[in-house]
Each structure stands twice: as structure tokens, then as C-alpha cells.
Amino acid sequence: MILATWNVNSLNVRLPHVVDWLKTNEPDVLAIQETKLMDAKFPRDAFSDLGYNVEFYGEKTYNGVAIVSKHPINSVSRGLALQGTPQQCRLIEAEVNGIHIMNVYIPNGQEVGSEKYLYKLNWLDHLFHHFNENHANTTPIALLGDFNIAPGDDDVYDPLETRGSIMVSDVERASLERFREWGLSDSFRELVKESGQYSWWDYRMAAFRRNLGYRIDHIWVTDPIKSSLKRAWIDKAPRKLERPSDHAPVLIEFV
DNA sequence: ATGGTTGTAAAACAA
């Protein structure tokens with residue numbers, strides 16, 4: 001079974017890339033973030049024409065998530081309610097092949113200490129409580145998506161230059177570590193130990209060409225999946241295309 | 001510290 005995650009930064013613009021990529025890679029499940037599409041405008045047919053089912057949760061201009069799957073998508077649930085703030089479309093979850101798929105677009109946070117940063121930490125708190133209340137770490141769960149956090153110093157191009165900044169700060173990392181303590185493992189790091197492996201490169205400063213990246217897109221899994229992991233990789237090919245997303249797909253294979 | 005780029009959508013804002 002192959003699970004994948006990809007922040008496409010506008011499904012409208014990226015649909016040709018996504019369709020080509022699905023044809024080439026044929027994952028069982030693809031979790032998409034930043035569709036930036038209202039549900040009424042979601043290109044469902046583009047996926048069904050390829051033999052994929054799709055469930056989505058979107059809004060105008062920002063955010064938006066979708067689960068694409070060869071298999072039936074059951075028990076779909078959308079959203080994460082935070083008191084006092086309007087809902088943003090950042091979470092969609094479902095059962096696929098006996099696996100609980102949780103597709104997240106964790107807030108970027110903009111700058112450490114900003115209002116958006118506090119929202120990011122608050123959102124992570126709510127996500128963690130949602131885990132504690134609704135799930136057991138003995139069941140097959142994949143938490144995947146754009147986490148907007150580089151878990152370790154090997155996951156960023158320059159740990160000294162970026163130290164303490166957004167996606168790297170100790171507080172963000174500590175918030176994410178709770179999920180590890182709860183029973184999730186970073187599947188990529190279970191299998192790949194090298195540094196310099198990134199999933200996001202800023203559009204600016206020729207960051208991709210210079211490999212000035214961050215590994216912020218993740219597939220974190222519980223032990224039933226971890227114990228059968230075969231492969232984990234980042235597919236940089238779509239990042240090299242004309243008009244690419246700033247993120248590359250991340251994949252795992254397990255039996 | 002600022003700026004560099006892309007997407008949305010029509011001037012900023014988010015990333």
C-alpha cells in the first residue's frame with residue numbers, strides 16, 4: 001500500500017501536474033493540501049476519470065484539503081473546531097482500507113510570536129486533544145500532510161541561520177513531539193537517515209536550485225503501520241516542472 | 001532587517 005501527501009498550492013493551477021503524477025505513481029491514497037477551492041468548484045471528474053474516489057473540504061482563496069483514494073473512502077469527517085475563531089478548512093479524515101487517514105494542513109504561523117503563530121500552536125493543541133479523545137495508538141493511523149514544522153536540525157538547510165524561526169522554533173517542535181510520545185512515528189526518518197532531504201523550497205532566492213529547503217511535509221504513523229514499512233521517499237520530480245507547487249510529494253510504502 | 005516569488009483576485013494578504 002502506498003500513501004502520499006502533497007501540498008499543491010492551488011489545485012486549480014496544479015491539476016495537470018496532479019493528474020500526471022497520479023498516472024505515473026498510482027498511490028493508493030493521496031492527501032492534498034491547499035486546494036484553495038470551494039467544494040462546488042472541486043474538479044471531481046478529473047479524479048474519477050482516473051479511477052480514484054475523492055472527498056474534500058474547501059473554502060474560497062485559502063486552505064482546503066482532500067483525500068484521493070483508489071479504495072472506498074468511509075466515515076469521512078471534516079474540520080477541527082476552535083472556539084472563538086471561524087473554521088478554516090485544514091483537516092479531513094476518513095477510513096481507507098482499515099487505516100484512519102488524517103489529512104492536515106497545519107497553520108504556517110507566519111512569524112514566531114505573531115497572532116498567526118499563536119493560532120498555529122492553538123490549532124496543534126486542539127489536534128492533539130482530538131487524538132487523545134478519539135483514537136488509540138494501537139490502531140492503524142496515518143497523520144499526514146503539510147505540518148509546517150521541521151522536526152529536527154537535519155530537516156532544514158541551515159539549522160544555525162534558521163534557529164528559532166518559524167517552522168523550526170523549539171515551541172513548535174515541542175508541540176509536535178507530543179504526537180511522537182503519544183505513539184506516532186515519523187515514517188520518513190524511520191527509514192532515511194541522511195540530511196538534506198526536504199519537501200518544501202521557497203519560490204524566492206532560487207531556493208530549490210540551491211536546495212535551501214525544509215522537510216515540513218510528513219507521514220506520521222502508529223506502530224501497526226510502522227512495523228510493516230518498506231520504503232519512504234520524497235519525489236522531487238514535480239518540483240522541477242514549469243509552474244510547480246513549492247512543495248514536493250512525500251510517499252511511504254508498507255505491506 | 002529587507003527582499004526575493006507565487007496564488008488569489010483585484011489591493012493586499014498568505015505562504
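Visitor: Where is Arg-189 placed?
Guide: In this predicted model, Arg-189 sits in helix H5, residues 187-191.

Visitor: Why is Arg-189 called buried?
Guide: Its relative accessible area is 15%. The limit for buried is under 20%. Arg-189 therefore counts as buried, at 15%.

Visitor: What does Arg-189 touch?
Guide: With neighbours within four places in sequence left aside, Arg-189 is in contact with Asp-154, Asp-155, Glu-194, Ser-195 and Arg-215. A contact needs heavy atoms within 4.5 Å.

Visitor: Where is Ala-94 found, and why does it count as buried?
Guide: Ala-94 belongs to strand E6. Its relative accessibility is 0%, so it counts as buried, the limit being under 20%.

Visitor: Which residues does Ala-94 touch?
Guide: Residues up to four places away in sequence are not counted; Ala-94 then touches Ile-67, Ile-73, Asn-74, Ser-75, Val-76, Ile-99, His-100 and Ile-101. Glu-55 is 39 residues from Ala-94 along the chain, and their C-alpha atoms are separated by 8.9 Å.

Visitor: What makes E6 a mostly covered strand?
Guide: The count: 5 of the 6 residues of E6 are buried.

Visitor: How do you know that E6 pairs with E5 and with E7?
Guide: Two strands pair if there are at least two bridges between them. Strand E5, residues 74-78, shares 3 bridges with E6, in the antiparallel sense. E6 and E7 share 6 bridges, also antiparallel. Both pairs therefore satisfy the requirement of at least two bridges.

Visitor: Which residues stand opposite each other in these pairs?
Guide: Between E5 and E6, Asn-74 stands opposite Glu-95, and Arg-78 stands opposite Ile-92. Towards E7, Ala-94 has Ile-101 as its bridge partner.

Visitor: What lies between E6 and E7?
Guide: The two strands form a hairpin with 2 residues between them, and Asn-97 in the turn has a positive phi of about 55 degrees.

Visitor: What makes E5 and E9 edge strands?
Guide: The open sheet has 6 strands in the order E5-E6-E7-E8-E12-E9, with mixed pairing. E5 and strand E9 (185-186) each pair on one side only, and they are the edge strands. Strands in a sheet pair through backbone hydrogen bonds, either parallel or antiparallel.

Visitor: Why is E2 described as largely enclosed?
Guide: Because 5 of its 5 residues are buried, E2 is largely enclosed by the rest of the structure. Both faces are covered: Val-29, Ala-31 and Gln-33 are buried on one side, Leu-30 and Ile-32 on the other.

Visitor: What joins E1 to E2?
Guide: Strand E1, residues 2-7, runs parallel to E2 and is joined to it by 5 bridges. Thr-5 has Ala-31 in E2 as its bridge partner.

Visitor: Which residues of the largest nonpolar core touch the most other members?
Guide: This core has 32 residues, and Leu-3, Ile-67, Ile-101, Ala-142, Ile-225, Ile-252 and Phe-254 touch the most other members. At least two residues of the core come from each of several strands, among them E2 (29-33), E4 (65-69), E6 (91-96) and E7 (99-105). Another core lies apart from it, with 23 residues including Ile-2, Ala-4, Leu-22 and Phe-42.

Visitor: What is Ile-225 in contact with?
Guide: Neighbours within four places in sequence aside, Ile-225 is in contact with Ile-99, Pro-140, Ile-141, Ala-142, Ile-252 and Phe-254.

Visitor: Why is Thr-61 called partly exposed, while Met-167 is called buried?
Guide: Partly exposed covers values between the limits of 20% and 50%. Thr-61 has 40% relative accessibility, so it counts as partly exposed. Met-167 has a relative accessible area of 5%, and is therefore buried.

Visitor: What is the phi of Thr-61 and of Met-167?
Guide: Thr-61, in the loop between strand E3 (53-57) and E4, has a positive phi near 75 degrees and is not glycine. Met-167, in the loop between E8 and helix H4 (170-182), has a positive phi of about 80 degrees although it is not a glycine.

Visitor: How many residues line the largest pocket, and which are closest to its centre?
Guide: The pocket holds about 1000 Å³ of space. Of its 36 lining residues, Asn-108, Gln-110, Ile-166, Met-167 and Trp-200 are closest to the centre. By class, the lining has 14 nonpolar, 11 polar and 11 charged residues. Helix H3, residues 115-134, gives the largest share of the lining, 3 residues.

Terms used
Residues numbered from 1 in each chain as written. Chains lettered and ligands numbered in written order. Predicted model: local features only at pLDDT ≥ 70, side-chain atom pairs only at ≥ 80, totals over all residues. Heavy atoms only, no water. Core = buried A, V, L, I, M, F, W, Y, C linked by side-chain atoms within 4.5 Å. Buried < 20%, exposed > 50% of the residue type's maximum accessible area, 1.4 Å probe, protein only. Helix = DSSP H or I, 4+ residues; strand = E, 2+ residues; numbered from the N terminus. 1 Å grid on protein atoms, 1.4 Å probe; cavity = no way out; pocket = protein on both sides within 12 Å on 5 of 7 lines; lining within 4 Å. Points joined across faces, edges and corners; volume = space filled by probe spheres on them. Nonpolar A, V, L, I, M, F, W, Y, C, P; charged D, E, K, R; others polar.
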